[in-house]
Amino acid sequence: MEPDIFTSHTKELSASEVVKLEEQNKRMVPEFKANKLEIDAQRHWDLFYKRNETRFFKDRHWTTREFKELLTDKAEAGNLERRTLFEVGCGVGNLVFPLLEEQMKEGNSNDKSNPGFYFYACDFSPRAVDFVRSNSLYDLKHITAFQCDITTQQVHDHIATESLDVCTMIFVLSAIHPDKFGDVIRNLWKLLRPGGLVLFRDYGLYDMAQLRFKPGHKIAKNLYMRQDGTRSYYFSEQELAQLFSSSGFDVVTNSYVHRRTLNLKEGVDVQRIFLQGKFRKRMSH
């Protein structure tokens, strides 16, 4: 695997890639089917976890490399309050459990000078939440998992206003309809303390997966239906910055990540584009 390239430039399309995107527009997902995908969104994700259980996603150990804020920092040991982290769209816990494991290994949970994080985790899929709760590391002393639709007000029944230090959204917003992006970001704004951070990674515009969709899968601009009925959206850097800045956040970092996996022996040359950012809640909205 080659080193990741971080850039603010949108990928330049080749002539054949432009043709692929134009082909997608020739047969769009009919409106009635697009509406049904929205109605059945929870069922599709629940079926996804029924099929894949805990096997599909790898544990996300890379997150502490990319987001230093997820490491419990002894430099902040003067603050004896336990920090709080909320994982939005936790799936089966591939991000939160490696973090909790690391924290417990270091003994931070019993270290009065550095109590580490208390974790909250939610998912749209009740089945995914059941997997989290059945994990051997699940313990209410360290983590609370609950089912909720983050596009609604349900989350405020579980987490107090302005109580969070960090929110993570890792490949989550892309599964939600763009009409509801603003509702999600405003919910996070309400939950975070002033100065709190959102850590974000998701699919970037013109990612290989976007270019591979055949006609009949495109729902709207940059929004697609997968074979299993789940949806994926591909973000531009400017769009994401605008989404957060118009909802009371400052953009700390925001860039495309170009990742190339090259294996000549296997004949694999995969070029992925993600969008990665950190967004800080303004001290005054």
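Reader: How many disulfides does the structure hold?

Author: This is a predicted model, and the structure in it holds zero disulfides. A pair of cysteine sulfur atoms would have to lie within 2.5 Å to count as one, whereas the cysteine sulfur nearest to that of C90 belongs to C122 and is 6.3 Å away. For C122 the nearest cysteine sulfur is that of C148, at 4.0 Å, and C122 is therefore in no disulfide under the cut-off of 2.5 Å.

Reader: What makes C90 and C122 count as buried?

Author: Buried means under 20% relative accessible area; C90 has a value of 3% and C122 one of 2%, so both residues fall under that limit.

Reader: Why is D149 said to have no salt bridge?

Author: The nearest side chain of opposite charge is that of K180, which is 5.2 Å away from D149, and a salt bridge needs a side-chain nitrogen of Lys or Arg within 4 Å of a carboxyl oxygen, so the pair does not qualify. D149 is nevertheless buried; its place is in the loop between β4 (143-147) and β5 (164-170), and, leaving aside neighbours within four places in sequence, D149 is in contact with F124 and Q154.

Reader: How do you know that the buried residues of helix α9 are on the same side?

Author: The buried residues of α9, which spans residues 237-245, are E237, L240, A241, L243 and F244. Around the axis they cover an arc of only 160°, which puts them on the same side of α9. An α-helix has 3.6 residues a turn, so residues three or four places apart point the same way.

Notes:
Residues are numbered from 1 along each chain as its sequence is written. This is a predicted model: local features need pLDDT of at least 70, side-chain atom pairs count only at pLDDT 80 or more; totals for chains, interfaces and linings use all residues. Side-chain values use heavy atoms; hydrogens and water are left out. Buried means under 20% relative accessible area, exposed over 50%, partly exposed in between (1.4 Å probe, protein chains only). Helices (H or I, at least four residues) and strands (E, at least two) are DSSP runs, numbered from the N terminus. The arc is that of the directions from the helix axis to the C-beta atoms. Lys and Arg count as positive and Asp and Glu as negative; His and the chain ends are not counted. Contact means heavy atoms within 4.5 Å.
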